[in-house]
Amino acid sequence: MAVNEPLPGTSDLWEPETLDWITLENAARDVFHRYGYGELRTPIFERTDVFVRNLGNETDVVQKEMYTFEDRGGRSLTLRPEGTAGVIRAIAFKGLEQGEESRVFYFGPMFRGERPAAGRRRQFHQIGVEAVGNESPWMDAEVIAMLSQFLEHIGVTGGHVMVNSRGLPEDRPRVSQALKDYFSRFAGDMCEDCQRRLETNVWRMLDCKNPACHEIALGAPNIVDLLGDDSKMFFSKVCQGLKDLGVEFELAPRLVRGLDYYIHTVFEITHSGLGAQDALAGGGRYRITLPGGKKPVEGIGFAAGMERLLLARQSLGMVPPEVHEADVYVVSLGEEAVLPGLQLAQRLRENTACRVKADFSARSLKAQMRSANKCGAKVVLMQGSQELADGVVICRDMVAASQETLPVEQALAWAMAHC
Ligand code: AMP
């Protein structure tokens, strides 16, 4: 690895890519605000316990993927592997009155020690949403509709919305037993992880990516069929809500998602433009006891991978916008022209959104013009001692390769009109 290369699974982002990221973030703000969600920013590291408590010990994220370290005071800290746990902690810290709701969205980097691959990073970024304190199935339908609207807003068409239900905790022993009965017949043919899961987390055997395990899982009992009446009713309302809100979706009987805290609705959106790592976004309803809280609260949320959203956009032919380092380049010939050149640049910046670069080098005309070209400038403003004495500026249109000499005020107006 070259000395300045970023670590595997991490990358440096430069313009114009960063502009694409801003586009995604702004689209998310725009759409989520329409649904009454507010932006929340939580710390990038938390006490390890925040994640272990919320995500559950038996999850891949907690067992294999967390970047955990001890700080100088001997506390165990973890770089956040996902957003929900920190959001829940923040909501608990702020306090959520009985019957009160909190609806938030967030963006930011997440960290997982996974094997890097196309679309799988160690530092990746998520846009996520959490609605805590609402127990209605219509909420689930609205959240999934909001995610669909966001995808539409950023031009990501062709996503597959897949939905399943895990039911309520009281359904769990019945479902677990049925799954155990089924999978124990095939355990010898399944991967090591699944053999362990048979005892620790049999639900995860349904969505193992190992081809042999997947084949076996295809014959497993359907979770929804095994759920109690309340869970079935809840799920049928979610599906009805999705239909009535015009969201196309498929039932995905083997979708359980990685985390233990989910109840009722779980969902994922995949996109064929992504290759092997085809999940664009995933989420579900959860029931948790807020730290310090007495009664459990329910929430629903999702997270979408920003790198994957951008990959999906690329697969649909959307590329980052073309940008120039500068629209206007101010060439100053001779030391005495440098400060007036800087003032010209400053006035433009105060009056336009153009990107303006002033050259302070007092190099030759040829050298400064070369830099102007390299920046992709559409306009060059030039002053030497003669122009300063006459109160004029040479205005060069780099696209038309023509130029004219104008008084300072007119030159500024000309530059604004041409950049
Ligand atoms: P998860 O919390 O694992 O369901 O992740 C939610 C979304 O984040 C996924 O659907 C992906 O789009 C994205 N994601 C998860 N892990 C990674 C990763 N290692 N690299 C890039 N994107 C990821």
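Which ligand atom is 2.9 Å from an N or O atom in the side chain of Arg257? Select Arg257 together with the ligand, and you will find that the atom is an oxygen. Before going further, note that this is a predicted model, in which local features need pLDDT of at least 70 and side-chain atom pairs count only at pLDDT 80 or more, while totals for chains, interfaces and linings use all residues. Residues are numbered from 1 along each chain as its sequence is written, and side-chain values use heavy atoms, with hydrogens and water left out.

**The ligand and its shell**

Stay with the ligand and add Glu114, whose side chain has an N or O atom 2.6 Å from a nitrogen atom of the ligand. Leu280 comes next, and here a backbone N or O atom lies 2.9 Å from a ligand oxygen. Taken alone the ligand exposes 480 Å², of which the protein buries 88% (accessible areas come from the Shrake-Rupley method with a 1.4 Å probe).

Now widen the selection to the 14 residues that surround the ligand, a residue being near a molecule if one of its heavy atoms lies within 4 Å of it. The closest are Arg112, Glu114, Arg121, Arg257 and Ala279. By class, this shell has six charged, five nonpolar and three polar residues, with Asp, Glu, Lys and Arg counted as charged, Ala, Val, Leu, Ile, Met, Phe, Trp, Tyr, Cys and Pro as nonpolar, and the others, Gly among them, as polar.

Colour the strands β6 (123-132), β10 (279-289) and β11 (296-305), each of which supplies at least two residues of the shell; the largest share, three residues, comes from β10. Strands (E, at least two residues) and helices (H or I, at least four) are DSSP runs, numbered from the N terminus.

**Helix α4**

Select residues 84-94 next: eight of the 11 residues of this helix, α4, are buried, so it is largely enclosed by the rest of the structure. Buried means under 20% relative accessible area (1.4 Å probe, protein chains only). The buried residues of α4, including Arg89 and Ile91, pack against β2 (45-47), α2 (48-55), β5 (102-111), β6 and β10, where contact means heavy atoms within 4.5 Å. After the helix comes Gly95, whose phi is positive, near 100 degrees.

**Arg313**

Finally, move to helix α11 (residues 306-315), where Arg313 lies. Arg313 is buried, with a relative accessible area of 10%, and, not counting residues up to four places away in sequence, touches Asp20, Thr23, Leu24, Ile154, Val156 and Met318.

Terms used: Polar contact = N/O pair within 3.5 Å; in protein donor to acceptor, adjacent residues only side chain to side chain. Buried < 20%, exposed > 50% of the residue type's maximum accessible area, 1.4 Å probe, protein only.
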